[in-house]
Amino acid sequence: MIGAFDPGADRDLVFIPVGINYDRVLEDRTQLRSLHKELPRRGSGYALKTTLGFVGHQTWLFARRRWHRFGYACVNFGTPVSMRRYLAERGESFSPAGTDERFAQIEDLGKHLMRAVGDVVPVTPVSLVATVLLEAGDAPLSDLEIKARVFQRMQALQARGAQIHMPRTDRDYAVTVGLRMLTLRHIVTEDGGHYRIPEGERALVAYYANAIAHLSGE
């Protein structure tokens, strides 16, 4: 697209930043496992077994009226980025193709677009609760402690202009939904009214917390 773009032509080239966040990614464990190349590759048989087990478990929950939705999937659209304006603000034009200057310009443009996308990534309940529990380390937190820390985190994010998805416009409910989503999957455990991340699940909790880490400058 950049190769065919002429800032002097009638048509502009416009990129629209789109930020997406999910309370649950079905292939989250698979994505994390792919980071460890030393682990043996799982075949199609394992994938089929896992899929059937997942469907069976969800059916069992539904039959017992204990089934819940997989959280929220949210999308935000940012301010369109005009290439004509982008170049005009920098007082430059794209260098000839194949040159080092051209590669550097494309890299800068890519970083600019990624920042624009990052700025509009919505904040979901699971990401908020995961962030708070991850920061607590091994220390268990009560329901009230989690809510207090999440509310504080919400205020900080809103001050930075982050878009927070507030189901039912209720902060308490948002925390309840996020915590329920994590405990139902046993990513977070509850014991005596206190919640903590069990051994072996910290990477998965970090997976969801990382979705909004950049919004806090972390």
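Q: A strand is a DSSP run of E with at least two residues, and strands are numbered from the N terminus. In this predicted model, which strand holds S142?
A: The model is predicted, not experimental. The run that includes S142 covers residues 141-142, which meets the minimum of two residues for a strand. S142 is therefore found in a strand, β5.

Q: Is S142 buried or exposed?
A: Leaving out residues up to four places away in sequence, S142 touches G193, H194 and Y195. The relative accessibility of S142 is 17%, and the cut-off for this class is under 20%. S142 therefore counts as buried.

Q: How are helices α6 and α7 oriented to each other?
A: Helix α6 spans residues 143-159 and helix α7 spans residues 171-184; their axes come within 10 Å and cross at roughly 115°. Angles of 65 to 115 degrees fall in one class. For that reason α6 and α7 are described as roughly perpendicular.

Q: What are the classes of the residues in the contact of α6 with α7?
A: The crossing of α6 and α7 is right-handed. From α6 the contact takes D143, I146, K147, V150, F151 and M154, and from α7 it takes R171, D172, A174, V175, T176 and L179. By class these residues are seven nonpolar, one polar and four charged.

Q: How are α5 and α8 oriented to each other?
A: The axes of helix α5 (residues 125-136) and helix α8 (residues 202-213) come within 8 Å and cross at roughly 120°. The roughly perpendicular class runs from 65 to 115 degrees, and roughly antiparallel needs over 145. An angle of roughly 120° falls in neither class, so α5 and α8 are oblique.

Q: What is the handedness of the crossing of α5 and α8?
A: On the α5 side the contact is made by V126, S127, L128, A130, T131 and L134, and on the α8 side by R202, V205, A206, Y208, A209, A211 and I212. These residues divide into 10 nonpolar, two polar and one charged. The crossing of α5 and α8 is left-handed.

Q: At what angle do α3 and α4 pack?
A: Two packed helices are described by the angle between their axes and the distance between the axes. For helix α3 (residues 83-90) and helix α4 (residues 100-119) the axes are 13 Å apart. The two helices are roughly perpendicular to each other. The packing angle of α3 and α4 is about 115°.

Q: Which residues of α4 make the contact with α3?
A: The crossing of α3 and α4 is right-handed. On the α3 side the contact is made by M83, Y86 and R90. The α4 side consists of D108, L109 and H112.

Q: Which geometry class does the aromatic pair of Y207 and Y208 belong to?
A: The model has one aromatic pair. It is formed by Y207 and Y208, with 5.0 Å from centre to centre and 75° between the planes. The cut-off for the class is over 60 degrees, so the pair is edge-to-face.

Q: What is the accessibility class of Y207?
A: Its partner in the aromatic pair, Y208, is buried at 3% relative accessibility. Y207 has a relative accessible area of 22%, and buried means under 20% while exposed means over 50%. Y207 is therefore partly exposed.

Q: Where is R168?
A: Most residues other than glycine have a negative phi. Phi of R168 is positive, near 60°. R168 is exposed, with a relative accessible area of 64%. The place of R168 is the loop between α6 and α7.

Q: What is the phi of T169?
A: T169 is found in the loop between α6 and α7. At 74% relative accessibility, T169 is exposed. Phi of T169 is positive, though the residue is not glycine, and lies near 50°.

Q: How far apart in space are E27 and G8, C-alpha to C-alpha?
A: E27 sits in the loop between β2 (18-22) and α1 (28-33). E27 is partly exposed, at 40% relative accessibility. In sequence E27 and G8 are 19 residues apart, and in space their C-alpha distance is 45 Å.

Q: How far apart in space are G137 and Q163, C-alpha to C-alpha?
A: G137 lies in the loop between α5 and β5. With a relative accessible area of 22%, G137 is partly exposed. G137 and Q163 are 26 residues apart in sequence, and their C-alpha distance in space is 26 Å.

Notes. Residues numbered from 1 in each chain as written. Predicted model: local features only at pLDDT ≥ 70, side-chain atom pairs only at ≥ 80, totals over all residues. Heavy atoms only, no water. Axes fitted to C-alpha atoms, helices over the stretch in contact; angles between N-to-C directions. Helix = DSSP H or I, 4+ residues; strand = E, 2+ residues; numbered from the N terminus. Parallel < 35°, antiparallel > 145°, perpendicular 65-115°, else oblique. Left-handed = near helix turned anticlockwise from the far one by under 90°. Contact = heavy atoms within 4.5 Å. Nonpolar A, V, L, I, M, F, W, Y, C, P; charged D, E, K, R; others polar. Phe/Tyr/Trp six-rings, centres within 6.5 Å; stacked < 30°, edge-to-face > 60°. Buried < 20%, exposed > 50% of the residue type's maximum accessible area, 1.4 Å probe, protein only.
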